Amino acid sequence: MWSYDKRLQFPVKIKNPNPQTAKIVISQLGGPDGELGASMRYLNQRYAMPYKECKGILTDIGTEELAHMEMISAIVYQLTRNLTPEQIKEGGFDAYFVDHTTGIYPQSASGVPWSAATFQSKGDPITDLFEDMAAEQKARTTYDNLLRLIDDPDVREPLKFLREREVVHFHRSETRCALCRIIWMPRTTMPTTRPSTSAQREITHLQEMVPDRLLFCANTASIQGTVQNKFEHFTM
Amino acid sequence: MNKNPQTKESIPAGLLSLAMAFVPTQEFDTPYDPVLAFSRGTIFPALDKPFLGEEAVPAMTDKAKLLGRVRMYDFALVEVIEYLDGHPDNAAALKYYNEMRTAFDKAAAEYEDAFGPLTAREVDTRSGHWTWIDDPWPWEGAED
């Protein structure tokens, strides 16, 4: 369930149309590391998360990414207003124009339509969270590259804001990593088909190191199930 | 040399494992003032890592309009909510959340009194017209 606020998260007010800039900014809408993929990644992955903190973070970041998608669309929309056929051709926007006029279509800078193949939802919390961290860095690099190419301050300001959000969201992985270690440790010490003595020692060790987390872990049926699944999953 | 403040040990050595990535625990330090936080894209000074070493600059002082304040407090809320998701018992963050929510509610009410609804559930129907659909829409760049 979602609701809409009739405002952008950060203002986008572009005075000068520029189809050349629109052509590259659109990658952060529908490109391989864009905001549409970011939102879909978080919002689809959250169902497999075993911890309440992870469910919360993925829900709220995934929601914020929708607002970022709207900002990118607004930038592209404003950059392509009131263009003449000459501007469209000179700006290299003709290939996009012939397929979409100036409608907003999620594609990469090179023209590849957005695809769910740009992200994963693997059903394994560790795998998914590491993908999220990598995705934030890939998006940050893309914003770096856009800032290297774009001079217009009207476009740069919202892009700088969005870039900083990638930095913060990467760091939100801090908690997710801490939680994941609980699952990860038994997995890496799992030499046999059943929880070995050494793996059991590892769990006991973890319980001593992080009692608050393990309390949570031990008292929740779904978490116990997750840990158990890890053993069975890696049975050879 | 090699004095990276982030190397401070915040993870018990016994938990450091091969083949895992580790990020230091983030304390809830004194956040930026909401005006500055919004222009920097984060409420956390420790996470303010801009491109090309830009300096923090006070922004929006010349356009301290109602919507700017709504955005600013909403942004502080977005940020602290995501922090609280991972630190659900942090007293300083909980206090900050309450302060920002109060400030947001006030700013949103002032904006809506003057300029109309921010959500479809806040529409004043006394004019006999459904003002929700009135232009401009957010992406049109004329909202403030």
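Which residues do ring pairs link into a cluster?

**View 1. A cluster of aromatic rings in the predicted model.** In this model, which is predicted rather than determined by experiment, ring pairs link A:Tyr4 with B:Trp132, B:Trp137 and B:Trp139 into a cluster. Over all chains, the structure holds 16 aromatic pairs, and one of them is shown in the next view.

**View 2. The ring pair of A:Phe10 and B:Phe38.** The centres of the two rings, A:Phe10 and B:Phe38, lie 5.0 Å apart and their planes stand at 35 degrees, so the pair is described as tilted. Because A:Phe10 lies in the segment before helix H1 (19-25) of chain A, while B:Phe38 belongs to helix H1 (residues 34-40) of chain B, the pair joins two chains. Both A:Phe10 and B:Phe38 are buried.

**View 3. The packing of helices H3 and H4 of chain A.** Helix H3 (residues 35-45) of chain A packs with helix H4 (residues 52-79) of chain A at an angle of about 160 degrees, and their axes are 8 Å apart. Since angles over 145 degrees count as roughly antiparallel, H3(A) and H4(A) are therefore roughly antiparallel to each other. In passing H4(A), H3(A) makes a left-handed crossing.

**View 4. Residues in the contact of H3(A) with H4(A).** On the side of H3(A), the residues that meet H4(A) include A:Leu36, A:Met40, A:Tyr42 and A:Leu43, whereas those on the side of H4(A) include A:Leu58, A:Ile61, A:Leu66, A:Met69 and A:Ile72. Taken together, the residues of this contact divide into 10 nonpolar, six polar and two charged; A:Glu35 in H3(A) and A:Glu65 in H4(A) are among the residues that meet.

Definitions and conventions
Residues are numbered from 1 along each chain as its sequence is written. Chains are lettered from A and ligands numbered from 1 in the order in which they are written. This is a predicted model: local features need pLDDT of at least 70, side-chain atom pairs count only at pLDDT 80 or more; totals for chains, interfaces and linings use all residues. Side-chain values use heavy atoms; hydrogens and water are left out. Axes are lines fitted to C-alpha atoms, for helices over the stretch in contact, and angles run from 0 to 180 degrees between N-to-C directions. Helices (H or I, at least four residues) and strands (E, at least two) are DSSP runs, numbered from the N terminus. Angles under 35 degrees count as roughly parallel, over 145 as roughly antiparallel, 65 to 115 as roughly perpendicular and the rest as oblique. A crossing is left-handed if the near helix is turned anticlockwise from the far one by less than a right angle, and right-handed if clockwise. Contact means heavy atoms within 4.5 Å. Ala, Val, Leu, Ile, Met, Phe, Trp, Tyr, Cys and Pro count as nonpolar, Asp, Glu, Lys and Arg as charged, and the others, Gly among them, as polar. Rings of Phe, Tyr and Trp (its six-membered ring) pair if their centres lie within 6.5 Å; planes under 30 degrees apart count as stacked, over 60 as edge-to-face and the rest as tilted. Buried means under 20% relative accessible area, exposed over 50%, partly exposed in between (1.4 Å probe, protein chains only).
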